[in-house]
Amino acid sequence: TERVWRWVGQSARAAQVYYGRFPVPAVYVHVILQGRAGVGGGQTFSGELPLIRMRLGPQTDDETLLKRDWVLVHEMVHLAFPWMDLKNNWMAEGLAVYVEPIARLQAGDLLRETVWGDFAEMMPRGQPGPGDRGFDVTVNWGRTYWGGAIFCLLADVRIHQQTEGRMGLQTALRAINARRDFRHYWDFRETLAIGDEATGTSVLIGQYEDMRLDAKPADLDALWADLGVRVGDGTATLDEGARLAAIRRAIERPKS
C-alpha cells in the first residue's frame, strides 16, 4: 500500500542522512502483513542482495507507522556494518540501537529531548551485572543491545574530544561503510581500524581492547551531567551550558 511505501522510504531516508548515502546499493524489504496492529519484529539477512524481513499488522495507523516506529531504521543500520562473528554481535546490535534514533533525529523525525531521554532511561540496562565480564565473553540481551549502545556513545564522545569536535563516531562509521557493508563477512578488528584511521584516533580499537574481556561499567550519571541531559518526571531537558553540551549538539547535528 501507499502507506507502507512511505514508511519504507522514510526509514531509508534516515539511514541515508546518517551515512551520507544509503548503506548498500540495493536491499529487498519483505513486509509480511499479518497479526494485530503494530510493527512486529524485524530481521536482516546478509548476502549480495541483503534481505530485511518485517512483520506489520494490516490495521497499523499512521501515527504508529510513520512517527513511532524505530524497527525498520534499526534494521537498515545493520546494512552499513559488515556481517560479524556471533561474539561481536554486541557491536552490530549496539550500533543499530545507538545510531537509529540519532539518524531519525538528523532526518527531522525525532526530537532531541526524546533521543537523550530514551538513552538516559534505557542505557543502564546495558551495564555489566554481577559476574558479567567483557563484551566478547558475556552475551545477554542487555549487554548486547544496550551495552553495545553504551560502547558507541562513549566512542562518539571520546572521538569528538580527541579531534576537538571536528569528527565523531559518524565519521568513523561512514568510512567503514564506504569500504564494507553487510553483504559480506569481514574481520572485526580490521573494520574498527578503518574507523580509527578515518578519525586519526585509536578510540575504537582502544575501547574494544579495554572492554572485550573485562566488565567496565560506565559512569552514566556523570556523562549525562557533562552532556547536559537532565531527566525528571519522565521528561528530559537539555542544559546548553553543560561541560560537553557542544559535543552533544555535534552528535545531534546533520552532517553534509
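This is a dialogue on how to read the sheet, the helix packing and the empty spaces of a predicted model.

Colleague: Let us start with the sheet. In what order do the three strands stand?

Modeller: Strands of a sheet pair through backbone hydrogen bonds, either parallel or antiparallel. Here the three strands follow the order β1-β3-β2 in an open sheet, and the pairing is mixed.

Colleague: Why is one side of β1 and of β2 left without a neighbour in the sheet?

Modeller: β1 (28-33) and β2 (39-45) are at the edges and have a single partner strand each, so each has one side with no neighbour in the sheet. On average, neighbouring strands of this sheet are turned by 15 degrees against each other, direction ignored.

Colleague: In what sense do β2 and β3 pair, and over how many bridges?

Modeller: The pairing of β2 with β3 (residues 51-56) is antiparallel and has five bridges. For a place to look, take Gly-42, whose bridge partner in β3 is Met-54.

Colleague: Which strands does helix α3 lie across?

Modeller: Helix α3 (residues 71-78) lies across β2 and β3, and its direction is at about 5 degrees to that of β2.

Colleague: Now the helices. At what angle do α1 and α4 pack, and how far apart are their axes?

Modeller: Two packed helices are described by the angle between their axes and the distance between the axes. For α1 (residues 2-19) and α4 (residues 89-106), the angle is about 95 degrees and the axes are 8 Å apart. Angles of 65 to 115 degrees count as roughly perpendicular, and α1 and α4 are therefore roughly perpendicular to each other.

Colleague: Which residues meet there?

Modeller: From α1 come Ala-14, Val-17, Tyr-18 and Tyr-19; from α4 come Val-99, Ile-102, Ala-103, Arg-104 and Gln-106. Sorted by class, this contact of α1 with α4 has seven nonpolar residues, one polar and one charged.

Colleague: At roughly what angle do α1 and α7 cross?

Modeller: The axes of α1 and α7 (residues 169-179) cross at roughly 105 degrees and come within 9 Å. These two helices are therefore also roughly perpendicular to each other. On the α1 side the contact is made by Val-17, Tyr-18 and Tyr-19, and on the α7 side by Leu-169, Gln-170, Leu-173, Arg-174 and Asn-177. By class, the contact of α1 with α7 has five nonpolar, two polar and one charged. Val-17, Tyr-18 and Tyr-19 of α1 thus appear in the contact with α4 and in the contact with α7.

Colleague: On to the empty spaces. How much space lies in the largest pocket, and which residues lie nearest its centre?

Modeller: For a pocket, read the volume, then the lining. The largest pocket holds about 920 Å³ of space. Its lining has 34 residues, and those nearest the centre are Trp-70, His-74, Glu-93, Val-97 and Tyr-145.

Colleague: Which elements supply at least two residues each of that lining?

Modeller: They are β2, α2 (62-68), α3, α4, α5 (112-122) and α6 (141-162). Of the elements, α4 gives the most to the lining of the largest pocket, seven residues. By class, this lining has 17 nonpolar, eight polar and nine charged residues.

Colleague: What lines the second largest pocket?

Modeller: There are 16 lining residues, with Leu-154, Arg-158, Pro-217, Ala-218 and Asp-219 nearest the centre. Two or more residues each come from α6, α9 (203-211) and α10 (220-227), and α6 has the largest share, four residues. About 220 Å³ of space lies in this second largest pocket.

Colleague: How many cavities of 30 Å³ or more does the structure hold?

Modeller: Two. A cavity, unlike a pocket, is a space from which the probe cannot get out. The largest cavity has about 60 Å³ of space, and the residues that line it are Trp-7, Gln-10, Ser-11, Leu-65, Leu-66, Asp-69, Val-73, Arg-104 and Asp-109. The most, three residues, comes from α1. Arg-104 also belongs to the contact of α4 with α1.

Colleague: And how much space lies in the second largest cavity?

Modeller: About 40 Å³. Among the residues lining the second largest cavity are Gly-126, Phe-135, Ile-150 and Ala-218, and α6 gives the most, with three residues. Ala-218 was also named for the second largest pocket, as one of the residues nearest its centre.

How values were computed: Residues are numbered from 1 along each chain as its sequence is written. This is a predicted model: local features need pLDDT of at least 70, side-chain atom pairs count only at pLDDT 80 or more; totals for chains, interfaces and linings use all residues. Side-chain values use heavy atoms; hydrogens and water are left out. Two strands pair if DSSP finds at least two bridges between them. Axes are lines fitted to C-alpha atoms, for helices over the stretch in contact, and angles run from 0 to 180 degrees between N-to-C directions. Contact means heavy atoms within 4.5 Å. Angles under 35 degrees count as roughly parallel, over 145 as roughly antiparallel, 65 to 115 as roughly perpendicular and the rest as oblique. Ala, Val, Leu, Ile, Met, Phe, Trp, Tyr, Cys and Pro count as nonpolar, Asp, Glu, Lys and Arg as charged, and the others, Gly among them, as polar. On a 1 Å grid over the protein atoms alone, a cavity is a set of points where a 1.4 Å probe fits but cannot get out, and a pocket is an open set with protein on both sides within 12 Å along at least five of seven lines; lining residues have an atom within 4 Å of a point. Grid points are joined across faces, edges and corners, and a volume is the space filled by probe spheres set on the points.
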